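Work through the exercises below with the sequence and the coordinates open. Each task is followed by a solution in steps.

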Amino acid sequence: MTRAATAKLAGYASLGALGLFAGIAFGRAELVVLATPFVLVLAMGLVAGGAPELDVDVRVGRSRVLEGDDVALDIGLLSASPVARVELGLAVPRDAVPEGDTSFGVTLAPGERRELTATLRFPRWGVFRIGRMGIAAFDRLGLFVFERELPATHLVRVYPREERLREIVRPRETQAYVGNLVARQKGEGIEFADLRLYQPGDRVRRVNWKATARRGSLVVNEEHPERSSATVLLLDSFAAARLGAAGTLDQAVRATAALAGAYLRRRDQVGLLSFGGSVNWLEPALGTVQLYRIVEALLDTEVVLSYIWRDIRVIPTHALPPKALVLCLTPLLDERMVNALVDVRGRGADVAVLEIAPEPFVRVGRDEQAQLTYRIWKLRRAVVRSRFRRLGVSVAEWRYGDPLEPVLEEVSAFRRYARAMRA
Amino acid sequence: MLFALAVRLSAGDYPGPAGVAVLAGLAAIVGGLLLRRGAVVTIGLGLLGVGYGSALIGKGLDPAAGLFAAGLVAVAELAFWAIEPGAAVPLRRAATGLRVLVVAAVVLGAAIAGTLLIAVVADPIRGDAGLGIAGVIAVLAIFAVAAVLVRSLRDGLR
């Protein structure tokens, strides 16, 4: 611990010196008497002002929590020597909210162990380092302060709360693997698709005897096989709109976690692609482990400001497998993301866009110019949406506070309509 | 005290140098408490001492000097306690109680030491010797205080 003198020590030293000098200079014993207590206190403080032997340990209750949960920190203090006063101040990380006291003052007897508890609430997802605190121990006379700073050594991972989705956007094409989706192709399965004439190699159990009797030649059933699908959740990390504690990136992360969980529960493959100032991806895979990988990857998502022009050539092909649905969550604030989506669509991919509306996070000035600028900005956004729709890409706007399912239904409805138009 | 001062001022009884120094000292102490500056509190305490010293001009040995010293150190202890960093941190009752005991002990010790010193100096037989002893102690104390100051400047001042 580093020792420092307090203002009291300097004050007492000054008063003692002043009184003694004045007493000698003016020949008045009374002035020496005035200075005596200050000098005696200084002397006692020097004799007894040794550094305390203080041990501090910090334990975190839970290191993995959901948004809005509390995390308790247990702080243990142990001193081998008496400490007149110990003050602790726990640093509260950004985006965390203290629940109760985070500053404490205690006195310790030799060998006494004191347990203190501080609670922090994490309303927002992310990875947080906690445990940084300043410790100041004062001697009995308040002349010296012994200080130490403990670094933040504990990691708390706060996961986004996922919204349970009953309906999600269905990919147009399925993959070759077995899954829960009824494929459009014909083959072996449960759902009846069509009848055709028997061909050598068809199994006898597939023969439709009623149709065979009517036709006079062997007719077999064709079914729609059950296949899995692949979905790539494309997260826009170029830019985000934020107002206070809420923002478009928070919405996007929560929606991504919810969609990943919903698709993986259907036994579909899900991949993640964070496209922005930095590009990170997870290849589509199945199972609970993939959900954990996606959620962990989401915790590290942040908007990295970059002016580098990025296009889809930086995305490896295995991150965007063929026939996969590319579901993009974006506020459509950055032109690079718009162009990237147009390119992906141009390569024949199945693309859908969930537009996370930035308007609720925008404060518009009241003057005429600000209002005009805002209207022009909204018109430009409408042009972008129109451009996507002409390409057959569904765009649905999701506003802050609205549930996600109706927005997904809007995307699905557009895709059904677009398919009907193409047919 | 302010009321008494107002009454005396209204009667045309203006304070002398001692009174002015004491009033200035009190104002500086209050200012130091409001601004939370130890240096201002120190100046205020120094001015109180100057006021007391000014009041002694032309008078003999004051037998109550010990009590004044005890009062001055009591004001100093409480003032510096109030402006200590972290003074707003809620302390457990035991910590506050212990600090009160320490302050009381310092004040009592100051009163006793001051009274004893005055008694030694006031003795007509041993008075001169007492003054000499007090002078030696003062010189030693000056060196000790200087050493403390140098050490505190080296370690860092708060």
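**Exercise 1.** Is D194(A) buried or exposed?

Solution. The model is a predicted one. Begin with the location: D194(A) belongs to strand β14 of chain A, residues 191-197. Next, count the other C-beta atoms within 10 Å of D194(A), which gives 10. A residue with 12 or fewer is classed as exposed. D194(A) is therefore exposed.

**Exercise 2.** Find which residues D194(A) is in contact with, leaving aside its neighbours within four places in sequence.

Solution. Apply the contact cut-off of 7 Å between C-beta atoms. With the sequence neighbours set aside, the contacts of D194(A) are K186(A) and E222(A). Then take a C-alpha distance: D194(A) and E223(A) are 29 residues apart along the chain, and their C-alpha atoms are separated by 6.7 Å.

**Exercise 3.** Determine the sign of phi for D95(A) and for K323(A), and place each residue.

Solution. Start from the background: most residues other than glycine have a negative phi. For D95(A), phi is near 75°, a positive value. D95(A) sits in the loop that runs between β5 (83-90) and β6 (97-99) of chain A. Its class is partly exposed, because D95(A) has 13 C-beta neighbours inside 10 Å.

For K323(A), phi is about 65°, again positive in a residue that is not a glycine. The loop between α5 (287-299) and β22 (325-330) of chain A holds K323(A). With 15 other C-beta atoms within 10 Å, K323(A) is therefore partly exposed.

**Exercise 4.** Identify the residues with the most contacts inside the largest nonpolar core, and list what L233(A) touches.

Solution. The largest nonpolar core contains 133 residues. Inside this core, L233(A), V326(A) and L327(A) have the most contacts. Helix α4 of chain A (residues 248-265) supplies the largest share of the core, 11 residues. Now take L233(A) and discard residues up to four places away in sequence: what remains is T256(A), L259(A), A260(A), V270(A), L272(A), L327(A) and L329(A). As background, nonpolar side chains tend to be buried together in soluble globular proteins.

**Exercise 5.** Which element of chain B has the lowest mean pLDDT, and which the highest?

Solution. First take the chain: chain B averages a pLDDT of 77, and 62% of the residues score at least 70. Then compare its elements: helix α6 (residues 127-155) of chain B has the lowest mean, 63, and helix α3 (residues 38-55) of chain B has the highest, 91. Where pLDDT is low, the predicted coordinates should not be read in detail. For the model, ipTM is 0.79 and pTM is 0.70.

Note on methods
Residues are numbered from 1 along each chain as its sequence is written. Chains are lettered from A and ligands numbered from 1 in the order in which they are written. This is a predicted model: local features need pLDDT of at least 70, side-chain atom pairs count only at pLDDT 80 or more; totals for chains, interfaces and linings use all residues. A nonpolar core is a set of buried Ala, Val, Leu, Ile, Met, Phe, Trp, Tyr and Cys residues joined through C-beta atoms within 7 Å. A residue is buried if 20 or more other C-beta atoms lie within 10 Å of its own, exposed if 12 or fewer, and partly exposed in between; C-beta atoms are placed from the backbone. Helices (H or I, at least four residues) and strands (E, at least two) are DSSP runs, numbered from the N terminus. Two residues are in contact if their C-beta atoms, placed from the backbone, lie within 7 Å. pLDDT is the predictor's confidence in each residue, from 0 to 100.
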